[in-house]
Amino acid sequence: MSYTGGKLLFPVRLIRKISRLVIGVANTLIYSAACKSVGKGSRFHQGTWIGEPRVVEIGQNCFLGRGLIASSELIGKGLKIGDGVQINSDVRLDHTGGLTIGNRTLISEQVIIYSHDHGLDPRSTPIAIKKIIGADVWIGARAIVMPGCKEIGDRAIIGAGALVTRDVPEGAIVAGNPARIINRRPS
């Protein structure tokens with residue numbers, strides 16, 4: 001049978017779509033049972049991995065994208081995600097020092113967030129650094145938030161590809177390497 005006009009492609013796409021849906025529902029059920037708490041309407045997509053789910057709290061109506069990895073190098077430090085948070089694909093969340101993400105925050109693809117440091121020796125015991133990301137924050141694709149940044153204020157915007165090395169004030173728009181304030185978000 002030859003390929004003509006997409007007749008064979010349609011069933012393949014349908015099967016893939018159904019399998020992604022089934023895996024997403026299964027992930028949501030598994031993590032809803034394993035996490036400390038998961039709010040109503042939150043969804044975990046295929047490939048989501050949470051290293052220590054018993055210390056993770058997720059609010060209502062959150063979206064956790066494909067390939068998300070949330071892990072900690074120390075036992076017992078928590079991850080708290082507010083309501084309406086969207087974390088897109090291939091994001092890395094380190095909650096070694098404890099990580100809080102405020103309501104309605106959007107984290108774009110391939111963002112990396114660190115909450116610990118090793119000083120100058122990569123094999124040393126991690127130094128936990130508590131990190132707070134405020135509400136209504138937007139972190140652009142491939143941004144990296146280093147341990148030196150302990151807080152990102154409410155309504156801040158982190159530009160795509162930014163290297164954030166220090167705290168970001170409320171309403172600031174930062175970009176670059178290292179990230180610097182380039183504008184302010186209107187009230």
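**Figure 1. Contacts and overall build of the chain.** In this predicted model, take the contacts with a separation of 6 or more: 22% of them come from residues 24 or more positions apart. The chain has one helix and 22 strands, so you'll meet a lot of β labels in the views below, each strand being a DSSP run numbered from the N terminus. Put a box around the C-alpha atoms, along the principal axes, and you get roughly 60 × 35 × 35 Å. Out of 187 residues, 41% count as buried.

**Figure 2. The eight-stranded sheet.** This open sheet runs in the order β2-β5-β8-β11-β16-β19-β21-β22, and its pairing is mixed. What stands at the edges? That's β2 and β22 (residues 180-184), and each has just a single partner strand, so one side of each is left without a neighbour in the sheet. For a look at parallel pairing, try β8 (residues 86-87) and β11 (residues 106-107), joined by two bridges. Here Q86 sits opposite L106 of β11. Further along, β19 (residues 157-158) also runs parallel to β21, again with two bridges. In that pair, I158 has V174 of β21 as its bridge partner.

**Figure 3. The hairpin of β21 and β22.** Now for an antiparallel pair: four bridges join β21 to β22. One of the residue pairs to find is A175 with its bridge partner in β22, R180. Between the two strands of the hairpin there are four residues, and G176 takes a positive phi near 105°. There's another thing to spot here: the peptide bond from N177 to P178 is cis, with omega near -5°. P178 belongs to the loop between β21 and β22.

**Figure 4. The six-stranded sheet.** A second view of strands shows an open sheet with parallel pairing, in the order β3-β6-β9-β12-β17-β20. The edge strands are β3 (residues 49-50) and β20 (residues 163-164); each has a single partner strand, so one side of each is left without a neighbour in the sheet. Zoom in on β12 (residues 112-113) and β17 (residues 144-145), and you'll find two bridges joining these parallel strands. I113 has V145 as its bridge partner in β17.

**Figure 5. The largest nonpolar core.** In soluble globular proteins, nonpolar side chains tend to be buried together. The largest nonpolar core in this model has 36 residues, and the members that touch the most others are I87, L93, I101, I139 and I152. Several strands chip in: β4 (56-58), β7 (79-81), β10 (99-101) and β21 (172-175) each supply at least two residues of this core. Which residues does I152 touch, leaving aside those up to four places away in sequence? The list is I132, I133, G134, V137, I139, V145, I158 and V168.

**Figure 6. The largest pocket.** The largest pocket has a volume of about 260 Å³. It is lined by 15 residues, and the closest to its centre are R20, L21, G24, H45 and Q46. Helix α1 (9-34) and strand β2 (43-44) each give at least two residues to the lining. The largest share comes from α1, with six residues. How many residues of the lining are nonpolar, polar or charged? There are four nonpolar, seven polar and four charged ones.

**Figure 7. Two loop residues with a positive phi.** Neither residue in this close-up is a glycine: D90 has a positive phi of about 60°, and R142 has a positive phi of about 60° too. You'll find D90 in the loop between β8 and β9 (92-94), whereas R142 is in the loop between β16 (138-139) and β17. Are they buried or exposed? D90 has a relative accessibility of 31%, so it counts as partly exposed. R142 has 55%, and because exposed means over 50%, R142 counts as exposed.

Technical notes:
Residues are numbered from 1 along each chain as its sequence is written. This is a predicted model: local features need pLDDT of at least 70, side-chain atom pairs count only at pLDDT 80 or more; totals for chains, interfaces and linings use all residues. Side-chain values use heavy atoms; hydrogens and water are left out. On a 1 Å grid over the protein atoms alone, a cavity is a set of points where a 1.4 Å probe fits but cannot get out, and a pocket is an open set with protein on both sides within 12 Å along at least five of seven lines; lining residues have an atom within 4 Å of a point. Grid points are joined across faces, edges and corners, and a volume is the space filled by probe spheres set on the points. Ala, Val, Leu, Ile, Met, Phe, Trp, Tyr, Cys and Pro count as nonpolar, Asp, Glu, Lys and Arg as charged, and the others, Gly among them, as polar. Two strands pair if DSSP finds at least two bridges between them. A nonpolar core is a set of buried Ala, Val, Leu, Ile, Met, Phe, Trp, Tyr and Cys residues joined through side-chain atoms within 4.5 Å. Buried means under 20% relative accessible area, exposed over 50%, partly exposed in between (1.4 Å probe, protein chains only). Contact means heavy atoms within 4.5 Å.
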